[in-house]
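User: I have a structure to read and would like a walk through its features. Could you take me through them one at a time?

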Amino acid sequence: MGKHDWRTPPKKWNYKTRMAHVGYDPFLSMGAARPPIFSCSTFVTENAEKLENMFRRACGLDAPLAPDDEWPIYTRLSNPNFIMLCDRLQCLEQGADDARAVYFPSGLSAIFTTVLAVCNPGDTLIFGYPIYGGTDHQFRHLIPEKLGVNVVPVNATDLNEVEETIKKHADTLKMFFIETPANPSLAMVDIQAVADLTHSHSNGILAVDNTFMSPILQHPLKHGADIVIYSGTKSIGGHSDLIAGFAVDKDPQRAAKINSIRVSSGPTPSAYDAWLLFRSLDTLEVRVLRAQENAQKVANFLLKHPKVEKVVYPDFYDKNSAEWKIFQKQCEGPGAMITFDPIGGKKESYTILDNLNIFGLAVSLGGVESLAENPWFHTHLDVSDEDKEKSNFGPQTVRLAIGLEDADDMCDDLDQALAKI
Ligand SMILES: Cc1ncc(COP(=O)(O)O)c(C=O)c1O
């Protein structure tokens, strides 16, 4: 055992220091300064009694331990690389000291399994649109059609509509789900206000997809949310080389339930991906802040470009608007996502996308490389035109995910692509 308790380092340490130490004790791995990859399906237990107790918890006969307190039995249930990763990710959430992370093989699997753990057939799930296209499909089709959950979309930026909808479904409401800033419109939803309305009118909880801001730029638990969801594929992974997801729950018992649903329904990430994610967490803050600095330069460049009609980026919200107030209250920076409308329509948008050299024509975000796509015809193809129009983006909209290249080079690349329209 090392000099300090590696699961719970001193509280007085800044989170950056905690992050560099929590979760891994080199003395449990022959002094290796960095953790090994526990690439094994099964684990040896000291005695039969202990193994029985572990199975009693795994089968629900005894109260479960939090997912990261459980000694591993078998990798589908848990693995040391998962435990280290979750211990470290938990350090980044603020506002709930007991929050526990559950690790999934994708962001969508984190969302689906969390809904499975919280909602039963006949219960109501309200979600705010716009939302990532894959989540929208899951909520509008898979969950109501296969699970019998009553799914109700609302415009979560309209608090009157939110309150009315919550009151209407108060008896059956189990979960309110929002994504803020929303994908791709960057619309801001007031986390504290939606949490207060959900908690005061129902027994439901609030889950927030925090993928766009990452645990560096927004802390939903601090603003009243109960569960934070991440696609770990994005800035947490940070190198476009894996798919991952997380649910971070302020209630450790509910986190254990979410993990047990994951275990029994089967989705299992790999130890190698967990090891990569653990390593990526070391540089998360540095990457997120650098990408944000680049995004601010690129957004300002686009704002002045004669062939650009509209740029959506949090720094540019009208200072008297509700969006600006929410941004100031709950975000710790504007992030690295930009959407812009070139003059013209789909044709002009495609001309830009086809002529960009630095920006890869690809979906996703949060990687080293900058990416560009057309949300109307790519990520959000499956969302109805009516909902897309209500969400403030059009067939001409281009979405940029800013990476770590040089910002001036990115501006030059956009300039030459815009010159082609
Ligand atoms: C905001 C947001 N949430 C969830 C997801 C789904 O994550 P994954 O692709 O890891 O399943 C995505 C994917 O793009 C996303 O952008």
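Analyst: We go through sheets, helix packing, backbone exceptions and the ligand shell. Keep in mind that this is a predicted model.

User: Start with the sheets. What holds strands together, and what is the strand order in the open sheet of seven strands?

Analyst: Strands of a sheet pair through backbone hydrogen bonds, and the pairing is either parallel or antiparallel. Here the seven-stranded open sheet runs in the order 1-7-6-5-4-2-3, with mixed pairing. Its edges are strand 1 (100-104) and strand 3 (150-155), each paired on one side only. On average, neighbouring strands in this sheet are turned by 20° against each other, direction ignored.

User: How do strand 5 and strand 6 run, parallel or antiparallel?

Analyst: Parallel. Strand 5 (residues 205-209) and strand 6 (residues 227-231) are joined by three bridges. For a residue-level anchor, take Asp209: its bridge partner in strand 6 is Ile229.

User: Which strands stand at the edges of the sheet with the order 8-9-12-11-10?

Analyst: That open sheet has five strands and mixed pairing. Strand 8 (308-312) and strand 10 (360-361) are at its edges; each has a single partner strand, so one side of each has no neighbour in the sheet. Strand 8 runs antiparallel to strand 9 (residues 337-342), with four bridges between them. Val312 sits opposite Thr339 of strand 9.

User: Now helix packing. At what angle do helix 11 and helix 15 cross?

Analyst: Read the distance and the angle together. The axes of helix 11 (residues 284-303) and helix 15 (residues 407-418) come within 9 Å and cross at roughly 30°. Angles under 35 degrees count as roughly parallel, so helix 11 is roughly parallel to helix 15. The crossing is right-handed. Helix 11 brings Asn294, Lys297, Val298, Phe301 and Leu302 to the contact, and helix 15 brings Ala407, Met410, Cys411 and Leu414. By class, that contact has seven nonpolar residues, one polar and one charged.

User: Which residues make the contact of helix 6 with helix 7?

Analyst: Geometry comes before the list. The axes of helix 6 (residues 159-168) and helix 7 (residues 191-201) come within 10 Å and cross at roughly 20°. That angle makes helix 6 roughly parallel to helix 7, and the crossing is right-handed. Leu159, Val162, Glu163, Ile166 and Lys167 of helix 6 meet Ala193, Val194, Leu197, Thr198 and His201 of helix 7. The contact divides into six nonpolar, two polar and two charged residues.

User: Which strands does helix 7 lie across?

Analyst: Strand 4 (173-179) and strand 5; helix 7 runs at about 155° to strand 5.

User: What backbone exceptions should I look for?

Analyst: Most peptide bonds are trans, and most residues other than glycine have a negative phi. Look for departures from that. Tyr129 and Pro130 are joined by a cis peptide bond, with omega about 0°. Pro130 falls in the loop between strand 2 (124-129) and helix 5. The bond from Asn183 to Pro184 is also cis, with omega near 5°. Pro184 is in the loop between strand 4 and helix 7. Ser240 has a positive phi, near 50°, and belongs to the loop between strand 6 and strand 7 (245-249).

User: Last, the ligand. How many residues surround the ligand?

Analyst: The shell holds 16 residues, and the closest are Ser106, Gly107, Leu108, Ser231 and Thr233. Helix 4 (107-118) and helix 5 (133-147) each supply at least two residues of the shell. Then check polarity: four shell residues are nonpolar, ten polar and two charged.

Terms used
Residues are numbered from 1 along each chain as its sequence is written. This is a predicted model: local features need pLDDT of at least 70, side-chain atom pairs count only at pLDDT 80 or more; totals for chains, interfaces and linings use all residues. A residue is near a molecule or strand if its C-beta atom, placed from the backbone, lies within 6 Å of it. Ala, Val, Leu, Ile, Met, Phe, Trp, Tyr, Cys and Pro count as nonpolar, Asp, Glu, Lys and Arg as charged, and the others, Gly among them, as polar. Axes are lines fitted to C-alpha atoms, for helices over the stretch in contact, and angles run from 0 to 180 degrees between N-to-C directions. Angles under 35 degrees count as roughly parallel, over 145 as roughly antiparallel, 65 to 115 as roughly perpendicular and the rest as oblique. A crossing is left-handed if the near helix is turned anticlockwise from the far one by less than a right angle, and right-handed if clockwise. Two residues are in contact if their C-beta atoms, placed from the backbone, lie within 7 Å. Two strands pair if DSSP finds at least two bridges between them.
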